[in-house]
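Take a walk through this model, strand by strand and then side chain by side chain. Keep the structure in view as you read.

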Amino acid sequence: DEGLYGFTCEARNAGQVIAVGNSEIDASALKDLNKLDNGSSRILLFNCNPDRLSFFDKLMGMPDLSDVETAYLLKRIGPGFIGRQYPQEYAVWKLSGGKPVLAAVQSTRFEGSQANQALQ
């Protein structure tokens, strides 16, 4: 069954940590996530794609994800991929002869067509 699954634990020197995994994020899955937060919790979302959130999801009560930090990312785009392993920068890699070649690096997420432009 599709759903929202997660765990809560205490982490040394970090307080409460809520780890949530879901194949897709939408308002119906996460709108009540903030009820789990005691105000000092760290929430870890994994296997999620916040880029898919729509304006309507946010209107429907989706929690604010403006302070979400991508810790690990590997996303296929055209003839390459975007990657990041925190705390390193975001990188666009182009596949050339089956091997990755660095095409662009920046400190913030690639928005819109920036990654595709880097692949050209």
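Four strands of this predicted model build an open sheet, ordered β4-β5-β6-β7. The pairing is antiparallel. The edges are β4, residues 72-77, and β7, residues 99-106. Each edge strand pairs on one side only. Neighbouring strands are turned against each other by 25 degrees on average, with direction ignored.

Look at one seam of the sheet. Six bridges link β4 and β5 in the antiparallel sense. One residue pair to pick out is Leu74 and its bridge partner in β5, Gly83.

Now step back to the whole chain. The protein chain holds three helices and seven strands. Their order along the sequence is β-β-α-β-α-β-β-β-β-α. The chain has 120 residues, and 26% of them count as buried. Its exposed surface is about 8600 Å², of which carbon and sulfur atoms supply 51%. What share of the contacts between residues at least 6 apart in sequence joins residues at least 24 apart? The share is 33%.

Next come the aromatic rings. Searching the whole structure turns up one aromatic pair. The partners are Phe81 and Trp93, with ring centres 6.4 Å apart. Their planes meet at 15 degrees, so the pair is stacked, because planes under 30 degrees apart count that way. Two numbers carry that description: a pair of aromatic rings is described by the distance of the centres and the angle of the planes. Phe81 sits in strand β5, residues 80-85, while Trp93 sits in strand β6, residues 90-96. The pair therefore ties together parts that are 12 residues apart in sequence.

Are the two rings' residues buried or partly exposed? Phe81 has 19% relative accessibility, so Phe81 counts as buried; the cut-off for buried is under 20%. Trp93 has 28%, so Trp93 counts as partly exposed.

Stay on β5 for one more residue, Arg84. Arg84 has a relative accessible area of 8% and is buried. Where does its side chain reach? The Arg84 side chain comes to 2.7 Å from the backbone oxygen of Gln88. The side chains of Arg84 and Tyr90 also share a polar contact, at 3.4 Å. Set aside the neighbours of Arg84 within four places in sequence, and Arg84 is in contact with Glu69, Thr70, Ala71, Tyr72, Leu73, Glu89 and Tyr90. Tyr90 thus appears twice for Arg84, in the polar contact and in the contact list.

Methods: Residues are numbered from 1 along each chain as its sequence is written. This is a predicted model: local features need pLDDT of at least 70, side-chain atom pairs count only at pLDDT 80 or more; totals for chains, interfaces and linings use all residues. Side-chain values use heavy atoms; hydrogens and water are left out. Helices (H or I, at least four residues) and strands (E, at least two) are DSSP runs, numbered from the N terminus. Buried means under 20% relative accessible area, exposed over 50%, partly exposed in between (1.4 Å probe, protein chains only). Contact means heavy atoms within 4.5 Å. Accessible areas come from the Shrake-Rupley method with a 1.4 Å probe; for residues, only the protein chains shown count as cover. Rings of Phe, Tyr and Trp (its six-membered ring) pair if their centres lie within 6.5 Å; planes under 30 degrees apart count as stacked, over 60 as edge-to-face and the rest as tilted. A polar contact is a pair of N or O atoms within 3.5 Å; within protein, one must be able to donate a hydrogen and the other to accept it, and residues adjacent in sequence count only if both atoms are side-chain atoms. Two strands pair if DSSP finds at least two bridges between them. Axes are lines fitted to C-alpha atoms, for helices over the stretch in contact, and angles run from 0 to 180 degrees between N-to-C directions.
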